[in-house]
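Let's take a friendly walk through a protein model. Have the sequence and the 3D view ready as you read.

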Amino acid sequence: MTTSEGEQGGGAGAENAPGGGGAARPEERLEQAVRAAEQALIEFEIAVETFRVEVENFSRLHEQKLGPVYARLEELEAQILEAKAARSDDPEDRRRADEARSRLLPIPGVEELLNGWMDDGGLFPEATAMLTDQPVRPPHRVRPSEEARKLYRDLARKAHPDLAQEEAERARREEFITRVNAAYARGNEDELRELAAEWAAGPELKRVPSASEELYVRLEWLAQRKELLTLVARELEDGAIGSMLRLAPHDPDRLLEEIAGQLRAEVVEREAELAALLV
């Protein structure tokens, strides 16, 4: 920006300042800083929540596509160790075989823990279908579409609880945002549109200027909230699923197919190894 542009910009600012006196009052500058910090925090929360939903959905898809193959590999490993122990009659081989088998023993509630892929009787049909390259049911939750993302971002900006100045309004916004988050996690565009219409038709409370002391407290809270969100984002990014998702953010399905192909090849190798031991 040139000097003349800067002078012109300063002139415009002076005209808009209260009383035409030039710089804004300290309280006004502080309030502007709070508003800017609030908007920045909301954008950060939207980004973290979007990534959290993506990680959760990718985790479910990962379990659906790869869980049965991992289970088959673990079963083959136990059978191979048992076959080796039967051949060698070595106590150490028997110990390793028993440990491998114990890790596969059914436990109460295993169906819920494994997201419906296995029960005490073995693999479910969907898991067997995955091992034989047959189609399987899609996951119950899908990654939100671009339209769903847009609707969510608009609603989060407008209805975020941090924009409230009264407890009653904050409670209303928190309840509403909870419903928005649930609809977004389901990727339900129609529900998000209905929520947008509901918010537009709802009451609007005027923003009351805060005292300087309250503004300082608000800024401190915003800073603490940002630190907490930073930790949440770091945990998501450093987790196993988050790390995998970052490898192929635009096409995670392809990444899963590549891993599934490698695992199936390993299954074939282990099956051949087991067959040779049982001859």
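The report below looks at a pair of helices and then at some salt bridges in this predicted model.

**Two helices that meet**

Two packed helices are described by the angle between their axes and the distance between the axes. Here, helix H2 spans residues 26-88 and helix H7 spans residues 167-186; their axes come within 10 Å and cross at roughly 45°. That angle makes H2 oblique to H7. The crossing of H2 past H7 is right-handed.

Which residues in H2 meet H7? On the H2 side they are Glu49, Thr50, Val53 and Asn57, and their partners in H7 are Asn181, Tyr184 and Ala185. Sorted by character, the residues of this contact are three nonpolar, three polar and one charged.

**Salt bridges**

The whole structure holds 29 salt bridges. Three of them are listed here.

| Salt bridge | Closest N to O |
|---|---|
| glutamate 56 and arginine 52 | 2.8 Å |
| arginine 95 and glutamate 92 | 2.4 Å |
| arginine 270 and glutamate 273 | 2.6 Å |

Glutamate 56 and arginine 52 both sit in H2, four residues apart, which is about one turn of the helix. Arginine 95 and glutamate 92 are about one helical turn apart because three residues separate their positions in helix H3 (residues 91-102). These two also belong to a network of salt bridges that links Glu92, Asp93, Arg95, Arg96 and Glu99.

Is arginine 270 buried or exposed? Arginine 270 has a relative accessible area of 19%, so it counts as buried, the cut-off being under 20%. Its partner glutamate 273 is partly exposed, at 27% relative accessibility.

Notes: Residues are numbered from 1 along each chain as its sequence is written. This is a predicted model: local features need pLDDT of at least 70, side-chain atom pairs count only at pLDDT 80 or more; totals for chains, interfaces and linings use all residues. Side-chain values use heavy atoms; hydrogens and water are left out. Axes are lines fitted to C-alpha atoms, for helices over the stretch in contact, and angles run from 0 to 180 degrees between N-to-C directions. Helices (H or I, at least four residues) and strands (E, at least two) are DSSP runs, numbered from the N terminus. Angles under 35 degrees count as roughly parallel, over 145 as roughly antiparallel, 65 to 115 as roughly perpendicular and the rest as oblique. A crossing is left-handed if the near helix is turned anticlockwise from the far one by less than a right angle, and right-handed if clockwise. Contact means heavy atoms within 4.5 Å. Ala, Val, Leu, Ile, Met, Phe, Trp, Tyr, Cys and Pro count as nonpolar, Asp, Glu, Lys and Arg as charged, and the others, Gly among them, as polar. A salt bridge is a side-chain nitrogen of Lys or Arg within 4 Å of a carboxyl oxygen of Asp or Glu. Buried means under 20% relative accessible area, exposed over 50%, partly exposed in between (1.4 Å probe, protein chains only).
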